[in-house]
Amino acid sequence: MTMRTRTLGTTGPQVSALGLGCMGMSALYGEADRAESIATLHAALEAGVTLLDTGDFYGMGHNEMLIGEALRAAPAARREQALVSVKSGALRDPDGGWSGYDGRPAAVKNFAAYSLQRLGVDHIDVYRIARLDPDVPIEETVGAIAELVEKGYVRHIGLSEVGAETIRRAAATAPISDLQIEYSLISRGIEDEILPTTRELGIGITAYGVLSRGLISGHFTADRQLGAGDFRAMSPRFQGDNLRHNLNLVEALRKIAEQKGASVAQIAIAWVLSRGEDIVPLVGARRRDRLTEALGALDVTLDAADLAAIEEAVPPGAAAGDRYPAAQMAHVER
């Protein structure tokens, strides 16, 4: 495996071709092993992964502290190569509930101050609000992050899960490095308007959910019992007939993977990689074996015949069910 690099848009940093999404090490996918999580972070850095993605609300700060601990224990050279991307703004309660998003300038700066402390760093490489606050113009939220850039606390400004109009308004306010948004074989909504807009404006894409939360990893089975606190127990794509339909898509993809001598996950990640040099997939591995599998996607080359076969096996719009429950979809711009 040779780690390649890509650039987050025209204003962002150069990063590894794959980034590590760290959310599952702290929240929403059931219990995680702390020692294994840190070992996985170290293995990622050792393999040349530079982009580590987190959110201040992942485990109510747990994820940032976990990354901070891993960085402190890493060799200096590996620690210095790490670029941390942080999402903020989600409001939580002690029961783990969600109370909306806060994009007010004062809140943005408050959230950033706590993130810097939990991560143990003097700056955040890419900072963004996780979802648009409907009560605060995006210009005000991005303007507050721009002030943090001027003071050296943030290096680059990102966006997350917003539509084309909001992207244009944000980019007119300050330079935007990238948009973080779900993109996978079964989540292709960005292709109609959002991706053309980011490409027109020179904004990169950090794609999360490239394995659709494990659904198209090749490892998920219809009889799997999900533990307490696992988001997928409420996700429409993992329910009843939807799940059975979606796993049939996975089996069609598995035939292609077997012909390529690759795993299903590697084919799915390689497909996202094939969509353009301006797209950096985030892999949500929280164990070293899953990380090794994901990194193997870098050695998978998909030619025109492969891509046509994948499109036939999993055409656009083939998935059954929305990617979030209805209440959460209300916070996602399309």
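Three bridges join strand β11 to β12 in a parallel arrangement; helices and strands here are DSSP runs (H or I of at least four residues for a helix, E of at least two for a strand), numbered from the N terminus, and two strands pair if DSSP finds at least two bridges between them. The model is a predicted one, so local features need pLDDT of at least 70 and side-chain atom pairs count only at pLDDT 80 or more, while totals for chains, interfaces and linings use all residues. Residues are numbered from 1 along each chain as its sequence is written, and side-chain values use heavy atoms, with hydrogens and water left out.

Within the β11–β12 pair, Thr206 sits opposite Val280 of β12. On the β10 side, β11 pairs with strand β10 (residues 178-182), again in the parallel sense, over five bridges. Here Ala207 of β11 has Ile181 opposite. Helix α7 (residues 194-201) joins in as well: β10, α7 and β11 make up a right-handed β-α-β unit, right-handed meaning that, with the strands pointing away from the viewer, the path from the first strand over the helix to the second runs clockwise.

How enclosed is strand β11 (residues 204-208) by the rest of the structure? Five of its five residues are buried, so the strand is largely enclosed; buried means under 20% relative accessible area, exposed over 50% and partly exposed in between (1.4 Å probe, protein chains only). Gly204, Thr206 and Tyr208 point one way from β11, Ile205 and Ala207 point the other way, and all are buried.

Next comes the loop between α9 (264-274) and β12 (279-283), which is where Asp278 is found. Asp278 counts as buried because its relative accessibility is 18%. Leaving aside residues up to four places away in sequence, Asp278 touches Leu195, Arg199, Gly204 and Ile205, a contact being heavy atoms within 4.5 Å. With Arg199 there is also a side-chain to side-chain polar contact from Asp278, at 2.7 Å. A polar contact is a pair of N or O atoms within 3.5 Å; within protein, one must be able to donate a hydrogen and the other to accept it, and residues adjacent in sequence count only if both atoms are side-chain atoms.

Then there are the charged pairs. Side chains of opposite charge can pair when their charged atoms come close. Searching the whole structure turns up 21 salt bridges, each a side-chain nitrogen of Lys or Arg within 4 Å of a carboxyl oxygen of Asp or Glu. One of them links the side chains of Glu277 and Arg6 (3.4 Å, N to O). Glu277 lies in the loop between α9 and β12 and Arg6 in strand β1 (residues 5-7), so this pair ties together parts 271 residues apart in sequence. As for burial, Glu277 is exposed, at a relative accessible area of 55%, whereas Arg6 is buried at 5% relative accessibility.

Another salt bridge pairs Glu251 with Arg254, their closest N and O atoms 3.0 Å apart. Both belong to helix α8 (residues 240-260), and because they are three residues apart, about one helical turn separates them. Glu251 is partly exposed at 39% relative accessible area, and Arg254 is partly exposed at 24%. Elsewhere, salt bridges that share partners join Arg188, Glu191, Arg275 and Glu311 into one network. Among them, Glu191 and Arg188 form a salt bridge with their closest N and O atoms 3.1 Å apart. Glu191 counts as partly exposed at 23% relative accessibility, while Arg188 counts as buried at 11%.
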